[in-house]
Amino acid sequence: MTEILPPDEAGLARAAALLRSGALVAFGTETVYGLGADATDATAVASIFAAKGRPHFNPLICHYPTAAAAFAQVEADARASLLAERLWPGPLTLVLPRQPDCPVALLAGAGLETLAVRVPAHPVALALLRAVGRPIAAPSANRSGQVSPTTVAHVLAGLEGRIAAVLDCGPCPVGVESTVLDLTGPHPFLLRPGGATLETIEGLIGPVGRGIPHAVAEAARGLRSPGLMVSHYAPSLPVRIGASDVAADETLLAFGRPLAGAGAVYSLSDRADLTEAAARLFDGLRSLDAEGARRGLRRIAVMPIPDQGLGLAINDRLARAAAPRG
Ligand code: TXA
Ligand code: MG
C-alpha cells in the first residue's frame, strides 16, 4: 500500500521519517514529481532503480533545500555560483565535481566523479528537504519508459504499491523536467533542455554548447558523459565477468558465496540479494581496483549475476566496465 500524505505538518513529518528510514517517497517539485530516497543511503538509492524498473543505472539528481547545502557537497565555481544565485530555487540542474568527502552514495551518481544537484522551487518540496536534512536523490517518479508524472494520480498509476508514500504537492506548475547543465569542463554544456531556458542561462554565463557533436567532442576529451560512451565508468584493472573460478592474482567481486582462491574479495551480497548488490556495486569496483593496485593483482573477476530485476542494471554496468578500452 502506498500512503498518500497531505502537504501539512503531519504529512511532511511522516514523509521525512520514511525517507530517513530508507523508504521511497514521491514528492512534487515545480517541474515533475520525483521519486525520492535518502541519497546517502546506497540501499535506498538502489531501491529507486528497482521501483522504476530501470534496466541500467542512470545518474540521479540530488535535491537540496539551499545552494549552500548543495555546494557543501560539490565543487561550485563562479559560473555555478552565479547561476545558483539567479536561478535557484528553480528548474535548473547543475552537474559539478563531487567534493572529496561528499556523503552521497556512489550509486546515486552511477559511479561518476560528478553529481547533478538542484534546489527545486516548490514550497512543499523545500519544506520536505529541510525536514529530512539529507540530500534527496530523485529521478522522475514514473516507471522506466513512461512519461514523467505531474500529478499524484500519475505517480500512483505507475508506482502504486511499489513505494512507501507520495506527498501530495498538487499539480506541477512547470510540467517539464529541469534543464541539465554540465559545468565540469571549461565550456558549459547543455545535457537536457528543460524548465530554465538556454537564453536565460547564456545571458548569465555566456555561450553553452549543445548537440551531439559537442557532446562527443567532450567525451573524447575525457569528460564522462553517461550513455554516450560504452565504458563510462571503468576501473583501471581489467574486468572479467561471468567468472566461475578465480586465480590468486585476481581480485573477486562476489555475488552469493564467494569462490575460493582470490587474492582479494569484495562481497556484493552474501545472500545473493540484488538490491544489496546494486547498492554496493560501485563501491565494490572501486575498492577492488584500489586493493588490487596496492597488492599487484592483475584483474577483477566478477561472479555471474542473474539477468533479472536489478540484475539487468548491474550487468549493464559490469559489461561497460569489462568493455575493451578505447
Ligand atoms: O525536473 C527534474 O529534473 C526532475 C525532478 C524530480 O527534479 N528529475 C528528473 O530526474 O528529471 P531524471 O533522473 O529523470 O533525469 C536526470 C537527468 C538524466 O538525463 C541524467 O542522465 C542527468 O540528469 N544526470 C544526472 N546526473 C548526471 C551526471 N553526473 N552527469 C551527467 N548527467 C547527469
Ligand atoms: Mg525521467
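## The shell around ligand 1

In this predicted model, three strands, β4 (61-63), β6 (114-118) and β10 (189-192), each contribute at least two residues to the shell around ligand 1. The largest share comes from β6, which supplies three residues.

The shell can also be described by the class of its residues, since around ligand 1 there are 12 nonpolar residues, together with six polar and four charged ones. Of the 22 residues around the ligand, those that come nearest are Thr31, His63, Arg118, Ser178 and Arg192.

## Polar contacts with the ligand

Serine 178 has an N or O atom in its side chain that is 2.5 Å from an oxygen atom of ligand 1, and arginine 192 places a polar side-chain atom 2.9 Å from an oxygen atom of the ligand. With threonine 114, the ligand atom concerned is a nitrogen, which lies 3.0 Å from a polar atom of the threonine side chain. Taken alone, ligand 1 would expose 680 Å², and the protein buries 90% of that area.

## Arginine 294 and helix α9

Turning to another part of the model, arginine 294 belongs to helix α9, which covers residues 274-295. Is arginine 294 buried or exposed? Its relative accessible area is 59%, and because a residue counts as exposed when this value is over 50%, arginine 294 is exposed.

The side chain of arginine 294 is joined to that of glutamate 291 by a polar contact of 2.6 Å. Arginine 294 and leucine 252, by comparison, are 42 residues apart in sequence, and their C-alpha atoms are 15 Å apart in space.

Methods. Residues are numbered from 1 along each chain as its sequence is written. Chains are lettered from A and ligands numbered from 1 in the order in which they are written. This is a predicted model: local features need pLDDT of at least 70, side-chain atom pairs count only at pLDDT 80 or more; totals for chains, interfaces and linings use all residues. Side-chain values use heavy atoms; hydrogens and water are left out. A residue is near a molecule or strand if one of its heavy atoms lies within 4 Å of it. A polar contact is a pair of N or O atoms within 3.5 Å; within protein, one must be able to donate a hydrogen and the other to accept it, and residues adjacent in sequence count only if both atoms are side-chain atoms. Accessible areas come from the Shrake-Rupley method with a 1.4 Å probe; for residues, only the protein chains shown count as cover. Helices (H or I, at least four residues) and strands (E, at least two) are DSSP runs, numbered from the N terminus. Ala, Val, Leu, Ile, Met, Phe, Trp, Tyr, Cys and Pro count as nonpolar, Asp, Glu, Lys and Arg as charged, and the others, Gly among them, as polar. Buried means under 20% relative accessible area, exposed over 50%, partly exposed in between (1.4 Å probe, protein chains only).
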